[in-house]
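Please open the model in your viewer and keep the selection panel at hand. The stops below proceed from one selection to the next, with a short account of what is to be seen at each.

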Amino acid sequence: MVIRLGIVGMLIALCDAPLGQTAEAFQWFPKKQVAKPNLLPTRLHKTVVVDPGHGGIDGGTSRGGLLEKTITLDIAKNLALELDRAGFDVTMTRRTDIDCSGLFPSPLSGRHRRDLQNRLDLLRKARAVGFLSIHVNSSANPSDRGPLVFYTVHSEASQQLASLVQAKLNALADTTQRPIGRKNLFVIRHAPCPAILAEVGYVTNDRDAIKLRQPMYLKQVAHAIAVGAIPFLRQQSTPNAVVGNPNDDWVPPALSPAVVQSGSSNMAQSR
């Protein structure tokens, strides 16, 4: 006679059985192996400097309630999170609504001049593998729209980085812009590592302005920059030493008052 036991009957029988038999019986049910996820990214021990343009007294370009310094900080914070998740150490030139003129003691005259020099000095001290500067554009032509990435013509690596980031921003904004090489953008010109300046859109274009008001779009901009930059930055080597004297107030010989004192929002030479 065959007796069929249900689950309850089996448990009663096991409880009445000797301890050794009970343990043996439970071996009928194999343990499910559950993989534990690795929640922490593998650290690359490489630093990227993220630079939200303007700040503090320097609001940057503005129109219709849009303010460049606020937009750039929002994007930069999201970009820093993306880079951190990818394993990079991230240094930001600013994390709040301040400018960088007081970042380091400096005998240089003029707030704007100190601001630019301090951004460069922070980059030099950080031993960074890349520099990503975020800005917002403006134009006298309201039809000008879309992201535009700038690099220094003195660096092939910066040009390569700019091309990769421009491609991702084009896909996001549905544009076909090409990155532009410049000689007179102070910080990226003298950067000791691959460096770009990304103008993420025009406040003077109605289509761009609508997008720049949307927090989700700003996150998408940060994501596009990160996706374009991360594979390239992973391949860069960390400098063995700080470039230049970290205690000095070095000013490149090419620096001229005309460069550091120009402050127009539409692609100022000093950016």
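**First stop: helix H4**

Select H4, whose 16 residues should span 22 Å at 1.5 Å a residue, which agrees with the 22 Å between its end C-alpha atoms; the expected span is 1.5 Å times one less than the number of residues. Helices (H or I, at least four residues) and strands (E, at least two) are DSSP runs, numbered from the N terminus. This is a predicted model, in which local features need pLDDT of at least 70 and side-chain atom pairs count only at pLDDT 80 or more, while totals for chains, interfaces and linings use all residues. Residues are numbered from 1 along each chain as its sequence is written, and side-chain values use heavy atoms, with hydrogens and water left out.

Twelve of the 16 residues of H4 are buried, so the helix is largely enclosed by the rest of the structure; here buried means under 20% relative accessible area, exposed over 50%, and partly exposed in between, with a 1.4 Å probe and protein chains only. Among the buried residues of H4 are His-112, Asp-115, Leu-116, Arg-119 and Leu-123. Just after H4, select Arg-127, which takes a positive phi of about 55°.

**Second stop: the open sheet**

Now display the six strands that form an open sheet with mixed pairing, in the order E4-E1-E5-E8-E6-E7. Strand E4 (89-92) and strand E7 (180-182) are the edge strands, each pairing on one side only; two strands pair if DSSP finds at least two bridges between them. Neighbouring strands of this sheet are turned by 25° against each other on average, direction ignored.

With the sheet still shown, add helix H4 (residues 111-126) again, since the next thing to look at is its packing on the sheet, where it touches strand E1 (47-52), E4 and strand E5 (128-137), and where its direction makes about 165° with that of E1. Contact means heavy atoms within 4.5 Å, and the axes are lines fitted to C-alpha atoms, for helices over the stretch in contact, with angles running from 0 to 180 degrees between N-to-C directions. Then add helix H5 (residues 156-173), which also packs on the sheet, touching E5, E6 and strand E8 (195-202), with its direction at about 175° to that of E6.

**Third stop: strand E1 and its partners**

Is E1 enclosed or open to its surroundings? Six of the six residues of E1 are buried, so the strand is largely enclosed by the rest of the structure. Thr-47, Val-49 and Asp-51 are buried on one side of E1, and Val-48, Val-50 and Pro-52 are buried on the other, so to speak, with both faces covered. In a regular strand the side chains alternate between the two faces of the sheet. E1 and E4 pair in the parallel sense over four bridges, and E1 is joined to E5 by six bridges, these two strands also running parallel. Select Val-49 to see both pairings at one residue, as Val-49 stands opposite Thr-91 in E4 and opposite Phe-131 in E5.

**Fourth stop: across to E8 and E7**

Go next to Leu-197, which lies in strand E8 and counts as buried at 1% relative accessibility. The C-alpha atom of Leu-197 is separated by 6.0 Å from that of Ile-134, although the two residues are 63 apart along the chain. At the edge of the sheet, strand E6 (residues 148-152) is joined to E7 by three bridges, the two running parallel, and Thr-152 has Arg-182 in E7 as its bridge partner.

**Fifth stop: Thr-72 in helix H3**

Select Thr-72, whose place is in helix H3 and which counts as buried at 0% relative accessibility. A polar atom of the Thr-72 side chain lies 3.1 Å from the backbone oxygen of Lys-69. Not counting residues up to four places away in sequence, Thr-72 touches Pro-52, Gly-53, Arg-94, Ile-134, His-135 and Val-136.

**Last stop: two loop residues**

Most residues other than glycine have a negative phi. His-54, in the loop between E1 and strand E2 (62-63), has a positive phi near 65° and counts as buried at 12% relative accessibility. Asp-174, in the loop between H5 and E7, has a positive phi near 60° and is exposed, with a relative accessible area of 58%.

Key:
Polar contact = N/O pair within 3.5 Å; in protein donor to acceptor, adjacent residues only side chain to side chain.
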